[in-house]
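Visitor: I would like a close look at a single part of this model. Please start from one residue and work outwards.

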Amino acid sequence: MDNKSSTPRITCAYLSQYVGKLVTVVGKVVQLRGEEATIDADGTIHAFLNREAHLSANNGVQLIGKVNPDLSIKVLSSVDLGQGVDYNLANAVVEVTHRYKPLFVYEN
Amino acid sequence: MAGYGGYGGGDGGGFMSGSQQGGSQAGGSKYADESLRPVTIKQLLDWEETFPGAELAIDGHPVTQVTIVGQVRSVKPQPTNITYRIDDGTGIIDVKKWVDSEAQGGEDGGSGAGAIAPDAFVRVWGRLKTLGGKKHVSANFIRQIEDFNEVNYHLLEATYVHLFFTKGAPGSGGATKQEGGGGDNMFVDQGYGAGGGDVAMGGAGPGGGNSAMQARLATCSRNAQIMCNFINNSPGGTEGVNLLVIAQGTRMSVRDITNAADELLGQGIIYTTQDDETWAILDY
C-alpha cells in the first residue's frame, strides 16, 4: 500500500546511498539564492526549492525531496523550523535510523 | 491519567463505562497491564494481525496504547470523526479523532482538533485498530508540537524502548545504577573506586585492565575516559557495547562518542566487535 513508504532521515554523508529516492533532511539554511539553497546537515547540501518554499537564512529547515544523481536535492516539501533546533539531536536520529533500519526504513 | 481518561472518548463514546467495575474481566485489559509505547509508524504497519482481534505486540511485549509523532499530510472531517493522515518519515497511517458533536465547543483545549492544519507536526496518543484489513490509530488525544526537537526526541525514545525490550536495560545485571539515571551514577563506585566520583583520575584504581592500559587511558581526553569506564562497567563481555547504549548511559553526543572511540582505538584500549559502532575493552 502507499502507506508503507518511508522518507528516511539523512545527512550529507548518506546522499550517495539514496540517489533517486525520497529522503528527509534536517539542517540549517546557510545560503538562499532564489530557488536554490545551501543547507548544512553535517556537511553541505545543495537544494533546489519549489515555489512554496519560504525559508530564512540561519533557520533550521526540514526538507523532503528526491536525491539527484549529482547529490543535490530536488525539494518537494519544506518546513521552516526556526531557531532552537538541536542539530546534534537531529544527526543522532539519522545515525539511529541507519543503525536500526527495520524501525525506520522500507527498503524497496 | 491519560491512560484511563481515554476510555471515555476512545471507541465511539461511552461504551467502556460499564466494564470499568471489573465485571467484564473477559475484556482482557486489567489496568496494571496498560502501557503507552512510543513507536514509529513503520512499527505499527509492520505488525501482522495473525487472527482478527489478536492483541497488538511489538518486540514481544503486548502494547495497549501507542504514541506517535509525525506530520499531518491531510485533514478530512467526517460526520463522526476527523481523519488525519500522519507521516513520520517511516510510514503513513490514518489517525481518527472521534468527535462528539455535542461537545464541539466545550472540548478540553488540549485536543484543539479544529486548529490542526496540513504540514503541522503533531503528537498522537491512541490505540491501533484494524478495520477491514486496514490499520489506523484511534486517537484519544492529538496535540500540535511546539518544539521541533520533540519530533527527534520521540524517534530516539522509540528506538530506546525497542532496544530495551529486545536487549535489556542499559547496564543492567551489574552493580551499575538504573537506566537513564544520569551518567554520573555509573562511575561512582565501580572500577575506579579509590577516590569516589572523580573519573578523571584514570591512573589509579583497580578498575578493569592492566596498569599499562591505565597509563594510556590517563593520557586520553575526558570523553574517552568516560566512554572507557562505561564500557568497562557494562555487561557487554566479548560482544561489546553499542554506541547507542553508550549515548544513553553517558549522555555524550554521537559525535563525541565517535571521536572518543577513535582515540581509544588508536591507543589500543578498545576494539570493534560486531560492527563499527560496537566496542569492547582490549584486555590481554
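Visitor: Which residues does B:Trp47 touch, not counting residues up to four places away in sequence?

Guide: A caution before the answer: this is a predicted model.

B:Trp47 touches seven residues of its own chain once the sequence neighbours are set aside: B:Ala54, B:Glu55, B:Leu56, B:Ala57, B:Leu128, B:Thr130 and B:Lys135. The residue sits in a loop of chain B, between helix H2 and strand E2 (57-58). Its relative accessible area is 12%. Buried means under 20%, so B:Trp47 counts as buried. B:Ile58 lies eleven residues away from B:Trp47 in sequence. In space, the two C-alpha atoms are 7.3 Å apart.

Step back along the chain to H2. This helix covers residues 41-46 of chain B and holds B:Gln43. B:Gln43 is buried as well, with a relative accessible area of 8%. B:Ile58 comes up again here, as a contact of B:Gln43. Within chain B, B:Gln43 also contacts B:Pro38, B:Asp59, B:Ala158 and B:His162, neighbours within four places being left aside. One further contact crosses to the other chain: A:Leu103.

That contact leads to the interface. Chain A puts 32 residues in contact with 33 residues of chain B. Together the two chains bury about 2900 Å². Carbon and sulfur atoms account for 55% of that area. Three salt bridges are counted between chain A and chain B. In one salt bridge, A:Arg99 meets B:Asp275, with the closest N and O atoms 3.0 Å apart.

Now the partner chain. Chain A has six strands and two helices. Its order along the sequence is β-β-β-β-β-β-α-α. Of its 108 residues, 52% are buried. Take the contacts in chain A between residues at least 6 apart in sequence: 55% of them join residues at least 24 apart.

Back in chain B, look at strand E5, residues 81-87. Seven of its seven residues are buried, so the strand is largely enclosed by the rest of the structure. One side carries B:Asn81, B:Thr83, B:Arg85 and B:Asp87. The other carries B:Ile82, B:Tyr84 and B:Ile86. Both faces are covered.

E5(B) has strand neighbours to examine. Strand E4 (residues 65-77) of chain B runs antiparallel to E5(B), joined by six bridges. Three residues separate E4(B) from E5(B), and the two form a hairpin. B:Pro77 has B:Ile82 as its bridge partner in E5(B). Strand E6 (residues 92-98) of chain B is also antiparallel to E5(B), with seven bridges between them. In E6(B), B:Ile82 has B:Lys97 as its bridge partner. E5(B) and E6(B) make a hairpin too, with four residues between them. In that turn, B:Gly89 has a positive phi of about 90°.

Further along chain B comes a pair of helices. Helix H6 (residues 222-233) contains B:Asn223. B:Asn223 is partly exposed, at 26% relative accessible area. B:Asn223 touches B:Met252, B:Asp256 and B:Ala260, residues up to four places away not being counted. B:Met252 is 29 residues from B:Asn223 along the chain, yet their C-alpha atoms are separated by 8.0 Å.

Helix H8 of chain B spans residues 254-267. At 1.5 Å a residue, its 14 residues should span 20 Å, and the end C-alpha atoms are 20 Å apart, which agrees. The buried residues of H8(B) include B:Val254, B:Ile257, B:Ala260, B:Ala261 and B:Leu264. Down the helix axis, the buried residues of H8(B) fall within an arc of 125°, so they line one face. The spacing fits a general rule: an α-helix has 3.6 residues a turn, so residues three or four places apart point the same way. After H8(B) comes B:Gly268, with a positive phi near 75°.

Last, a small set of strands. Three strands of chain B form an open sheet in the order E9-E11-E10, with antiparallel pairing. Strands E9 (241-242) and E10 (270-272) stand at the edges with a single partner strand each, so one side of each has no neighbour in the sheet. E9(B) pairs with strand E11 (residues 278-281) over two bridges. There, B:Val241 has B:Trp279 as its bridge partner in E11(B).

Conventions:
Residues are numbered from 1 along each chain as its sequence is written. Chains are lettered from A and ligands numbered from 1 in the order in which they are written. This is a predicted model: local features need pLDDT of at least 70, side-chain atom pairs count only at pLDDT 80 or more; totals for chains, interfaces and linings use all residues. Side-chain values use heavy atoms; hydrogens and water are left out. Buried means under 20% relative accessible area, exposed over 50%, partly exposed in between (1.4 Å probe, protein chains only). Two strands pair if DSSP finds at least two bridges between them. The expected span of a helix is 1.5 Å times one less than its number of residues. The arc is that of the directions from the helix axis to the C-beta atoms. Contact means heavy atoms within 4.5 Å. Buried area is the accessible area (1.4 Å probe) that two parts lose on being put together, summed over both. A salt bridge is a side-chain nitrogen of Lys or Arg within 4 Å of a carboxyl oxygen of Asp or Glu.
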